[in-house]
Every structure is written in C-alpha cells, then in structure tokens.
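Please consider the sequence and the structure shown here. An account of the architecture and of selected local details is given below them.

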Protein chains: 2
Amino acid sequence: MKPIQVGLIGLGTVGAGTFNVLQRNQTEIRGRAGRGIEIAMVAARNAERAKAYQAIVGDAVPCTGDAQQLVNNPAIDIVVELIGGIEPARTLVLQAIANGKHVVTANKALLALHGTEIFEAAREKGVTVAFEAAVAGGIPIIKALREGLTANRIEWIAGIINGTTNFILSEMRGKGLDFATVLKEAQRLGYAESDPTFDIEGVDAAHKLTIMSAIAFGVPVQFDKAHVEGISSLQAADIKYAEQLGYRIKLLGITRRRDNGFELRVHPTLIPATRLIANVEGAMNAVVVQADAVGTTLYYGKGAGAEPTASAVVADLVDVTRLATADPDHRVPHLAFQPDAMSNTPVLPMADVQTAFYLRLVVADQAGVLSRITTILAEHDISIDAVLQRESADGERQTDLIILTHDTAEGRMNEALAKMQGLPTVLAPIVRIRKEELA
Amino acid sequence: MKPIQVGLIGLGTVGAGTFNVLQRNQTEIRGRAGRGIEIAMVAARNAERAKAYQAIVGDAVPCTGDAQQLVNNPAIDIVVELIGGIEPARTLVLQAIANGKHVVTANKALLALHGTEIFEAAREKGVTVAFEAAVAGGIPIIKALREGLTANRIEWIAGIINGTTNFILSEMRGKGLDFATVLKEAQRLGYAESDPTFDIEGVDAAHKLTIMSAIAFGVPVQFDKAHVEGISSLQAADIKYAEQLGYRIKLLGITRRRDNGFELRVHPTLIPATRLIANVEGAMNAVVVQADAVGTTLYYGKGAGAEPTASAVVADLVDVTRLATADPDHRVPHLAFQPDAMSNTPVLPMADVQTAFYLRLVVADQAGVLSRITTILAEHDISIDAVLQRESADGERQTDLIILTHDTAEGRMNEALAKMQGLPTVLAPIVRIRKEELA
C-alpha cells in the first residue's frame, strides 16, 4: 500500500523531533501501522525559515514558507500542526479539515479554547483530529482515558501536567530556595521559557485539564470556566511546614464529578507524601485517574521535550493511518463519547468546591489568639484536622500558626478567612492552600 | 444500531464483575461505543452451576452448562472467555474463532502458551482476539504498548505484574516477617490462593511478561524460554540488608532488547528505593517501559480483582464493537506488529544476561576471608560496588558478608559463585539476588 502522505507545519523542537523519530524508527513504525508514513511537505512561518528547514529535511521534502500551500496540497492525507498558539493554527487546522484531511496536533491552547468548533467541523467532513501530544507529552493519557477506561464512570482526575512548575516545586523543596531564585535557574536550564507566565500561572495546565475533563465526563471543552491559580506566590516556608505535616505541595490540575456538576481547577495543592504522585519529581508528569470499576490508575512519564512529544504525535499518525480507510462512524469519538451522548453537566463555581485547607497565619504571640481563630472556624462549621505552631524566639512578638482543616466548601472558607483577616492579632495576609487526600 | 451480542463463558469473580459493570455503566458505555453491548448468553462448566448463574443474571439471559452451545450460537458476535487455564478454554476459543466470532479473554496462560496458534486462526478468519485483561488487570498496558508507544523502539519493560507476591514482599518488609508467615496471612485475606504456586513461583508473572515481550519486540510468544524464579526462598534478612543499602526487593518481570536477542526473565530483584516502582506497595501492579523516543513511562493500578479486571474486559468489548465492521487489515495487530513484520530475535540464555548482583555469604569471622572472596570476583572480572559486613556479636564465630557487584554476565557470576561456595570459610549456601538500576 502506498505510504500515507503527511504535511508538517512547524519544524521547531517538536516538529524536528517528529521528523527524526519518523526517520529513525521507520521500519518499526511501518511494521506496526501496516503502511509507511512519509513526510511529503514541511511548512514554516516564512520563506527564510523555510530555507533553514530545507537544510534539515534534505532536498527530497519540499519546504514552503506558506502553510496554506500545504493544507491545500491535494497529495497530503494528514496535516500535523505543531506551531502552537491560536492563530494562524486555528485557520490552518480548519482549512485542512475543510479539504478533507485528517489533523494531528499538539496544540492544547487551540483545543481547550476552540475544540468544539474544530471537532464539529471534523465530524461534518468525516475526518479525525488526533491530539495525544496535547496533554502530558509522551504519556498516552488521552488513549487511556478515551479507550482504556471506557468501562468506567470516571470520578476524578488529578494531574501534574506541567513540567516547568513541577521542576520549580521540586527544587524549592529539595534545596529550600524561594520561587524567584529557582525560576531563574529553571530558565537558565531551559526548563522555563523567558516569558514563563503560561506555565507558572497554571494556564498551560488548565488547557490540558480542560481537554481531559471533556473526555472523562463527556462534556464540551470549556476553558473559560476553569479556575486557574499558579505557583508564583508560593513561599518556601509553606513547603517546609507542609513537609513537617507529612505533605508535599504540587501544582495539580483537578477535575471531579459531583452530583450537581463537575469541578475544573488548577492550583497548588497539599497531598500526602506517601502518595505515588507526591513523589513525582523534576520535570516529569503524572496523571491519577479514579474510576468506579478500575479504581485508581496512574500514568507517568515525560510531559514535554522534542522526542517524548513526538512519540505522541507519531502514535496519532499510526492511529489515523489505520483508521483512515475505516467508516468514520466507528472511529473513537474525539471526546470519548459519541456527539449525541454528550452531557451538559455544568462546571461548578469555586465557592461550591469542597476541599480541605492549609492555612498559615502570622499572629501576635499572645494569649487567646488561637482561641479567637478556632472560634471563627467553628462558627463557619469548619473543623480542624491539625494545628502546628512555630515556637517563637525570645523577644519575638509574632509567630506562624498553621492549621489543617477537614473538607469544607470554599465559599464558607472565604467568609471565615475574611473574619480572621480582620482580627488585630493577625499580622499579615493569611496564606491558604488547598489540600487533597487523593484517595 | 442493534446492540452487539456477547456470550460470556464463566461467571466467577471476573465474569460477575464484567456482568455488573456492563449493567451499571451501560449508558456511559453505549455513549462511548456508539452501540449497546448486551450479554446474550452465559455458559457455565456444568448444568448445576448454570442454574446458580441463572439466579445472578436473571431470566432474560439464558444460561447453559454446555459452553459449546454458546460458541456455536449464531446470534452471538463476541465470545468472552473467563474460565482460565488451558482446556477447555483453548478448544472453546478456537471454536468461536472458527465460527467467525471475535474473542475477548483474560487468559494469560492460554495466550502465553498457545497465542501463536490462536492469533493465526483469528487472522485467517478476519476476527479479533482482544486480551487487555490478561496483563496487569485494569491497567491499560496492552493498549499503551501496542498503540500508545507505536513511535518507539522499546528498549525494556520491567513490571510488578503479580499482586500476590507484591503484597507478600510489602508485608515482609513492613513487618519484618518471614515468607511463610506472610503467605498464610495473604491466604487468610484472600490475596493468595490455597495453592499459591503459580503466583509465588513467578509463573503467572512470566505468562504476562511473555505477552508484553511479544508486543514490545514484535516476536512470537514463547513462554517456554522464559526464566522463572519466585519468592518462596526469599529471606527476611536479605530484605533488611537491601534496605540498609538503599534498595527494595520486588518480584519483577523483565524483558530487555540486546544486540543478539532479548531477555525474558522473572525473579526477585533489588531496585533503588528512590524509583517510583520501588514504592508500589501491597497488591498493586506497575509496569515501567523504557523506549527510545518517549523515555521512561510508568503505568500503575490494580492488577487483579473483579471490577478492575472487568474494566479491561469491557474496554476490549468496546474496541471490538467499534472495529467489528472495519476492514480487518486496518485493525490493531494482535501483537502490535503486522504478521509480515514479526522478527525472529531469539530469547537469550540466562548465562548471557547482564545484571548486577547482591550476594550474602555466611562466613567464618576470621582474617583473610574478605580477601579470598574478592580475589575470586576479581579473577572473574566482576567488580564490586559496595560491601557491608555485619558486626559479629561477642563469641560468635560467623557473620554475614553482603556484596553488591557491578553488572556482569550471569554465566561468569555462576562460575565465581561455585568457587566461593567451595571455600571452607563460606559456611552456608550463598544467597544471590539480581539487582537492576532501572534507569
């Protein structure tokens, strides 16, 4: 059978990785796919870059500075979009679909924001949009959620799905350094970008979480309703106190089914140090899935990088190659559920989300302080799990008071926090980090 | 579309779990599969048992004591074989295939021993034999290896793929108990069978490893060439010494690609305590895969039990339901590679396998003992990584000498061991456990 023809838009880190993996492992890949997979054309942002790409891919593969030429090329069966960002990626993907081409993309932002439009267009044209590389890099988590766990009602997903922030948190804990210092180190090592906002503020994790939640619960992607909180204001002291209490702080993306809707949130989270996911260090990713039949499963691996991401792109290419000739009605649905089986379960507002909390209060070191604070918590029906009070040094007039609570609604906690913050004996803004048992 | 009709052979733990999951999650499963999945008939070993089954499944589903009736029933599209063992499972599966039915099975022994015959028969008839449940229960590891990592040249797999033995090892370490005591406890709790041989002697793990190795390397299943060693002779003392040296002992199934063949072996193994897989406790399973593009990935979950295994059976039912109408040539190949792309890479003999070793020698507490032993190792080109000598109590004439070696061929180690065992100052059989860094 004639090799399937692939057009590659973008030959940056992941694009070059994809090109290399397809070359190096072509015998194995053909042996699995039952058909060769060939790069027929590469597109760059402009003519100059196309020339640089030409040097990489050799004379046999034409490079163009005009991606429209690629998506309109009738010889191409599958378009691989690896430029990232919203435009021109969105226009190119939609144009490829309109031309009846399958699409493979690693673009989480595009799918988290415009997935509904893109999947609908693909369905109308009977083509597949595959996106394993968009979530957790080389870990085949989309396949696990969408095909491996089809028997289950998925209850929740919690993931370390951003390597940059996990690297920073690992370093802060391991070396006792503060956020700003470690961020600079991460930038020097190439683990963080020069503008790290998307990573450190949790936006990248929220894109990925949005896609996983849609697949898990059969709901449309709705990034705009995600609660997104990053790690830039996290202090080394809280990592240390958490450790004393038996917890690690990780930036988790959490989506959880509740009776009246589902949660969709990214924020720093205390988790028991004994959990496997609490021991995922450095730039590695891991996703825990809780489902009714299988129980807890965990998937671990590299969430970024040239070849780990290429691994997912090429797996999608093999899947699409196999299914290209199959009846569209029998392919795996984009979001796991058939379009007529999608649900309109709403995203819950954060005020209704139930979690436990870690609180750190800088308080005046005098009698009655703890009593006033615990009274406020009791008045809001918030019960206390543990209290840790730092011993104040001689002559010091203030100390740190750490409280772990049991589960409570965030809205109620916010009211209690406002009251506590108003006490004259509370001397600084209260630090509040959510805590999850993940069991 | 008419629901697909399933015949279920065996309504034991996993069969009943499958029946329950299909009932409970039928809306979700239909929403994903695009078509209902219905149990049309159940078969039991005999008429009496069929009657007991009838009480479970209700009047709407006929139960028979003659499984031939089920595999010959023209109304049935997919046969699910959950009776285990070689016969009558083999005959029933081949008969179902001959009748043009797809098969879903959890039977690792059957596939590890007769997979070649079964897959060949399925290919001739254009049907699928799906077996996610045969390896690591609910963890979708077959899907990950066969579809998620298609881009990769897989280098090695190391797995905790038997829950019984991992439970026993966790208890031995956690409570400092010996093997026999913990085995009894495991039997009382239902983690070990009354005849635990298949589990504790590594046979069950070797069945699963054989299937994974075939998928990873594109070779036929060849259980007869696997090296199989269990945990029944493992002593609490070695678990303790290993821990002092920074290692855990796990029963691992390891298959690794080498230049001249591949390794296929199950045995107790020291692994660094810092590895994620070293921290997999109790009856849980985990599989680490090392592959050239993606690097290290790990898959963790419940490897046995009614609903975890049912989760895998039903996932296979959904896959088969989707692909039932597709061209057989475009389905995922049984062993990942298309039949014409299979390789004849041989299984390496254990003498050629390279690992590091943990040795424990009971030696006379006198001068020159260590020197004689290290000389023998040096003569065999085996280099030492670490030595630990237990301080002998007053008046004691013997002590434990623990040696960690660097990597060496097993054949060479066996020669050195024979020499050391012959020394008059070596007072008991030498304990030898392989050690792997898994990195």
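The paragraphs that follow proceed from the domains of one chain to the contact between the chains, then to the nonpolar cores and to individual backbone features.

The coordinates are those of a predicted model. In chain A, the domain assignment distinguishes domain 1 (4–140 + 306–338), domain 2 (141–302) and domain 3 (354–435). The centres of domain 1 of chain A and domain 2 of chain A, taken over C-alpha atoms, lie 27 Å apart. Their contact draws on 24 residues from domain 1 of chain A and 28 residues from domain 2 of chain A. Between these two domains of chain A about 2100 Å² is buried, and carbon and sulfur atoms give 70% of that area.

The polar side of this domain contact can also be described. One salt bridge is found across the interface of domain 1 of chain A and domain 2 of chain A. The side chains of Lys143(A) and Asp319(A) form a salt bridge, with an N to O distance of 2.7 Å. Eight residue pairs are in polar contact between domain 1 of chain A and domain 2 of chain A, both residues being at pLDDT 80 or more. On the side of domain 1 of chain A that touches domain 2 of chain A, helix H6 (108–125) and helix H13 (306–323) of chain A each supply at least two residues. The largest share of that side, seven residues, is provided by H6(A).

His334(A) offers a local view. This residue is located in the loop between H13 and strand S13 (354–364) of chain A. Is His334(A) buried or exposed? With a relative accessibility of 14%, His334(A) counts as buried, because the limit for a buried residue is under 20%. The side chain of His334(A) reaches the backbone nitrogen of Val129(A) at 2.9 Å. Leaving aside neighbours within four places in sequence, His334(A) has contacts that include Phe119(A), Phe131(A), Arg146(A) and Ile215(A).

Attention now turns to the contact between the chains. Here 60 residues of chain A are in contact with 60 residues of chain B. The area buried between chain A and chain B is about 4800 Å², with 55% given by carbon and sulfur atoms. Eight salt bridges are found across the interface of chain A and chain B. Lys143(A) forms a salt bridge with Glu147(B), in which the closest N and O atoms are 2.8 Å apart. The interface of chain A and chain B also has 22 residue pairs in polar contact, both residues at pLDDT 80 or more. Among the elements of chain A that each supply at least two residues of the side touching chain B are helix H1 (13–24), helix H7 (141–148) and H13. H13(A) gives the largest share of this side, ten residues.

The largest nonpolar core has 175 residues, of which Ile141(A), Ile168(A), Ile141(B) and Ile168(B) touch the most other members. Another core, of 35 residues, lies apart from it and has Ala33(A), Val61(A), Ala310(A) and Val314(A) among its members.

Finally, some backbone features deserve notice. Glu87(A) and Pro88(A) are joined by a cis peptide bond with omega of about 5 degrees, and Glu87(B) and Pro88(B) by a cis peptide bond with omega of about 10 degrees. Asp381(A), although not a glycine, has a positive phi of about 65 degrees. Asp381(A) is exposed, at a relative accessible area of 60%. Ala336(B), also not a glycine, has a positive phi of about 75 degrees, and Ala336(B) counts as buried at 0% relative accessibility.

Conventions. Residues numbered from 1 in each chain as written. Chains lettered and ligands numbered in written order. Heavy atoms only, no water. Core = buried A, V, L, I, M, F, W, Y, C linked by side-chain atoms within 4.5 Å. Buried < 20%, exposed > 50% of the residue type's maximum accessible area, 1.4 Å probe, protein only. Domains from an automatic or database assignment. Contact = heavy atoms within 4.5 Å. Buried area = accessible area lost by both parts, 1.4 Å probe. Salt bridge = Lys/Arg side-chain N within 4 Å of Asp/Glu carboxyl O. Polar contact = N/O pair within 3.5 Å; in protein donor to acceptor, adjacent residues only side chain to side chain. Helix = DSSP H or I, 4+ residues; strand = E, 2+ residues; numbered from the N terminus.
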